[in-house]
Amino acid sequence: MSREIKRENERGGDWIKIGRIKETDSNDVKNMQFLCKGLNSKSTSSGGGGSSNSSSSSSSSSSSSSNIVVVVVVVAVVGLAVVVVVVVVVVVVVVVVVVVVVVVVVAPVVVVVVVVVVEVVVVVLVVVVVVVVVVVVFVVTVVCSLPLFATFFCVTWSLLYDFKSSTATHCKVRNYLPSISAAIGGFTPQRYVWRICIGLHASPRFMIAVAYYSFHTSIHVGRHNELYKTLAALASLFHIIEVGSLVGLTYISSTENHDLHEILFIFFMAGAILYMGMSIYLFSWGRTNNGRQMTLPESKSLFYKKLLFGLNVSIFLLSVYVFLRHNWYCEPGVYTVFAALEYLVIATNIGFHATAGLDFAPFSLAYVNTELISPSPQAKPKDS
């Protein structure tokens, strides 16, 4: 006669067979029950240790978030300031040294005057070059580098510290990359870094959206000029919708309000695609009208715009198919392909907007008193 000794699993309530023993000796039964209790106590203690380790790791990751935010802001501001200050200081030192040497060594006043004039011209040219470089660096760095850095940081941090949670989907199949929505809005400090970077780059983006209207309408295209100006205004509107939707989906994450986040993403993609397409059309129309030949920077800008726009649209359509396939079939790894395509969509969008560095290279950002440039419209000529 034999019987089974069973014990109840604490988590699921399942019964697990641990072996058959004979009833020849009651001491054996007691020993076996003692061993089962020992196993239960060990598993409980090991589970408690795991929870303490996870809590300690989460506290350490949250404590490092403030340091990361400070580094992002300080590096961006200090780096640009140091470059400008060093260039200006070097030029001033060179000017002073040359003037002193000429005054001491070379006596004629005419030579001194000539040298001083040359040095003043050199200083003016250097200042103009520095201003142009600062504007280009400002456009390329603030408008393009901040979103690119934020994307790279959020994805990398999610892979290192939130891999299981950030790659989980409703299909419960294995994935290896987090989606953009999961990486930027589901965890900290990723959420903080992404919001700071997008917030810093949003204001210049709105300024560039308005500036592109003046950029396009600075050229008169003839009898269709009114239509051209209307399309330029519409392109700037789509640009503003793109940036505004990006800010909205940044501060309203998919975990907080999934429906609104999805709507804002649709507006973002629609505004981006319409803006890029109309920008290429306006650029080609205005820069080749009436037999005008494009300059080399304009040709390069148009080439990169067309290339990046084609890549952006094709990759986006492919990502839509992969996303639907993931929802239909729940295949392992398909959502990973979708996440990788999302990264490429963002990269090509950033690259398209980086062509603003070529378009606005001859321009500079200035705060000007317009009364010193043109007379006020209220001003009336004095009677003689």
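Q: Why does Arg195 count as buried?
A: Its relative accessibility is 17%. Buried means under 20%, so Arg195 makes the cut. Keep in mind that this is a predicted model.

Q: Where does Arg195 sit, and what does Arg195 touch?
A: You'll find Arg195 in helix α6. Leaving out residues up to four places away in sequence, Arg195 touches Thr250, Tyr251 and Glu256. Touching here is a matter of heavy atoms within 4.5 Å.

Q: Why is Arg292 called partly exposed?
A: Set its value against the limits: partly exposed lies between the 20% and 50% marks. Arg292 has 31% relative accessibility, so partly exposed is the right label.

Q: Where is Arg292 found, and which residues is Arg292 in contact with?
A: Arg292 is in the loop between α8 and α9. Not counting neighbours within four places in sequence, its contacts are Ile219, Gly286, Arg287 and Glu298.

Q: What makes α10 largely enclosed by the rest of the structure?
A: Count its buried residues: 16 of the 21 in α10 are buried, so the rest of the structure largely encloses this helix.

Q: How do you know that the span of α10 is close to the expected one?
A: From first C-alpha to last, α10 reaches 31 Å. The expected span is 1.5 Å times one less than the number of residues, and for the 21 residues of α10 that gives 30 Å. Put 31 Å next to 30 Å and you can see the two are close.

Q: What makes a group of residues a nonpolar core, and which residues have the most contacts inside the largest one?
A: The members have to be buried, come from a set list of residue types, and be joined through side-chain atoms within 4.5 Å. The largest nonpolar core has 30 residues, and those with the most contacts inside it are Cys154, Ile180, Trp194 and Leu246. Helices giving two or more residues to this core include α3 (109–161), α6 (190–217) and α10 (334–354). It's α10 that gives the most, with 9 residues. As a rule, nonpolar side chains in soluble globular proteins tend to be buried together.

Q: What does Leu246 touch?
A: Not counting residues up to four places away in sequence, Leu246 touches Trp194, Ile198, His201 and Phe268.

Q: What is in the second, separate core?
A: That core has 22 residues, including Val221, Ala232, Met278 and Leu302.

Q: What makes one space a pocket and another a cavity?
A: It comes down to the way out: a pocket is open, while in a cavity a 1.4 Å probe fits but cannot get out. The largest pocket here has a volume of about 1100 Å³. Among its 44 lining residues, the closest to the centre are Ser181, His261, Phe265, Phe338 and Glu342.

Q: How many cavities of 30 Å³ or more does the structure hold, and what lines the largest cavity?
A: The structure holds 1 cavity of 30 Å³ or more. The largest cavity has a volume of about 60 Å³, and 11 residues line it, with Tyr212, His239, Tyr275, His353 and Ala356 closest to its centre. Helices α6 and α10 are the elements that give two or more residues to this lining. The largest share, 3 residues, comes from α6.

Q: How many helices and strands does the protein chain have, and how much of the chain is buried?
A: The chain has 11 helices and 2 strands. Buried residues make up 34% of its 384 residues.

Key. Residues are numbered from 1 along each chain as its sequence is written. This is a predicted model: local features need pLDDT of at least 70, side-chain atom pairs count only at pLDDT 80 or more; totals for chains, interfaces and linings use all residues. Side-chain values use heavy atoms; hydrogens and water are left out. Helices (H or I, at least four residues) and strands (E, at least two) are DSSP runs, numbered from the N terminus. Buried means under 20% relative accessible area, exposed over 50%, partly exposed in between (1.4 Å probe, protein chains only). On a 1 Å grid over the protein atoms alone, a cavity is a set of points where a 1.4 Å probe fits but cannot get out, and a pocket is an open set with protein on both sides within 12 Å along at least five of seven lines; lining residues have an atom within 4 Å of a point. Grid points are joined across faces, edges and corners, and a volume is the space filled by probe spheres set on the points.
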